[in-house]
Amino acid sequence: METTIKATNLTKSFGDFTAVDKLNFEVEKGEIFGFLGANGAGKTTAMKMLIGISKPSAGDAVVAGYQVSNQAELVKKNIGYMSQKFALYDDLNIKENIQFFGGIYGLDSKSIEVKYNRVVENLGLQDYAKQLVRSLPLGWKQKLAFSVALLHQPKIVFLDEPTGGVDPVTRRQFWELIYEAANQGTTIFVTTHYMDEAEYCDRISIMVEGEIKALDTPKVLKKEFGVSSLNDVFLKLAR
Amino acid sequence: MKKFIGFVQKEFYHIFRDKRSLFILFGMPIAQILLFGFAISNEINNVDIAVLNKADDKNSIEIIENLQASKYFNVLEELQSEKEIEKAFQKGKIKAVVTFEKDFAKNLQRLQASKLQIITDATNPNIANTITNYINSILTKYSHISLKQNTSPELVGTESRMLFNPALESVYMFVPGVMTVILMLVSAMMTSISITREKEVGSMEILLVSPLKPITVIVGKVVPYIFLSIINATVIVLLSVFVFQMPIVGSLSWLALESILFIITSLSLGILISTLSSTQQTAMMISLMGLMLPTILLSGFIFPIESMPLPLQVISNIIPAKWFIIILKSIMLKGVGFGFFWKETLILLFMTFVFLSISIKKYKIRLA
């Protein structure tokens, strides 16, 4: 199997405080990798280093074939990113959003047009294409944002709590999109606080106080800790 | 470059779909210039006055005719005695009374100071002051023209303080100030708000994760406001020329160049504010309290810097608007060349450089 993310002693410290302490892990191509941890465990800091907007204090990571320490620009070109906090520009319509995000990733207008048609068709949004994104329900926005993050066919998509505030049905639909992308060979790196979502992942890692305390398939982890749900695994570790 | 154009296009969508920013961008300049031009002017027009002419001789009648002939005054009543003066004021229509002593012309002929009294309704001290000055200036003119063969000018007129603005049009004095305030408001406040908005809603993160360079993001956010500010400056100049008949004495190209320089100074200030604040509200508060108030109060726009206490005079030096107002007045009112405002230009350039350096430094720290 091909490795798309490989972290080696990835470390970030702010003064005396070590937010991320010597992370070592690998993620395979097409894998859905769950990145879990309580708030303040260092998840966000680790993710920021992996997506190239924060430099490691020590160690390094290879993402999509490039080092985050000194090839951040190339890393950025080859990954997609979506966060819960911001999905799409509210005051632009679907088409304008796709044109904008396609544009900043360097797609030409012809392929943007093709992709736009495909996205709108896939999500069944033909009737809403000219509406401002503001007027769409949150679940639709997030599905749309995920499709937008995939526009430039990145090798890896980083999803930062992508389904926050969304109802279970929509969340299920969202995960169908994730599976579809993973099946086509895109690596998915996802952080979440929902344990049912963690169950959907191929493998999960759980961070506690800057270190990865557990990393395996959900099944093995439950067995290892002798509990019936990931929730219990999480609680045991986080304490 | 294509990415950049796409970015600027997106920025224009934001601006044109937000009614609030549209109002600030285009409603404000027009409203302010009209407001300052028409309403808050110190200028007087067709003010009703009364005269008490105890002399009723050639000179006093001529002066009254002169007052009546000017567009500023309208001689409504001829009073008969001092007792009527207070009554006249109480009716509220009359704002000033001019009285001539009994031997007005005779005293003039004998080269003696002849007495003329101006009594004004000082319930509004500013207007009273202005009226006094206007009447004085008419008297001075009269004594220059009509009395020059047989008497010296000091005999009738007192000195006039309205030398700088011969037509006494206050709108001329307001235009440079209003233009400065508007450009500051649009450039600094609007950019700082629009950049912090991206931070606040989280899209800044998305943009930083994209292959766009941070500098592209910032320049892309700023460029639309350069365009809009230039349009604003043009609208203000056109309004003042065509609505208020303000002459622009100096060179138009210098006016344009210096305005663009000031726009860039304000924009860099806006960028600096956006690096200091994480929410739109903070950005707005900093812009309003930290920029607008000092700009209006300390730049010499409304209150002359020379008459401020020394500490404030010192502080006024760090306000970009002060220097731009000096430049604007030099170009628009005095019509002097670059030799007279190169120092102010250098100061603005230097300020821009400082603002941008601090912003870049702050920005890098945040990214590391």
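This short talk walks through a predicted two-chain model, from its interface to its domains and a few backbone details.

Before I start, this is a predicted model, in which local features need pLDDT of at least 70 and side-chain atom pairs count only at pLDDT 80 or more, while totals for chains, interfaces and linings use all residues. Residues are numbered from 1 along each chain as its sequence is written, chains are lettered from A and ligands numbered from 1 in the order in which they are written, and side-chain values use heavy atoms, with hydrogens and water left out.

Let me begin with the interface, where 29 residues of chain A are in contact with 24 residues of chain B, contact meaning heavy atoms within 4.5 Å. Between them the two chains bury about 2,300 Å², of which 61% lies on carbon and sulfur atoms; buried area here is the accessible area (1.4 Å probe) that two parts lose on being put together, summed over both. Chain A and chain B share one salt bridge, that is, a side-chain nitrogen of Lys or Arg within 4 Å of a carboxyl oxygen of Asp or Glu, and it joins Arg17(B) to Glu96(A) at 2.7 Å, N to O.

Turning to chain B, the assignment, which is an automatic or database one, gives domain 1 as 2-40 + 170-367 and domain 2 as 47-155. The centres of these two domains of chain B, taken over C-alpha atoms, are 47 Å apart.

In helix H11 of chain B, residues 280-298, we find Leu288(B); helices are DSSP runs (H or I, at least four residues), and strands likewise (E, at least two), numbered from the N terminus. Leu288(B) has a relative accessible area of 32% and is therefore partly exposed, since buried means under 20%, exposed over 50%, and partly exposed in between (1.4 Å probe, protein chains only).

In chain A, helix H1, residues 43-50, is mostly covered, with six of its eight residues buried, among them Met47(A) and Leu50(A). Just after H1(A), Gly52(A) takes a positive phi of about 85 degrees.

Which residue of strand S1 in chain A, residues 3-14, should we look at next? Asn9(A) lies in that strand and, although not a glycine, has a positive phi of about 50 degrees; Asn9(A) is partly exposed at 36%. Lys22(A), in strand S2 of chain A, residues 17-28, also is not a glycine and has a positive phi of about 45 degrees, and with 54% relative accessibility Lys22(A) counts as exposed.
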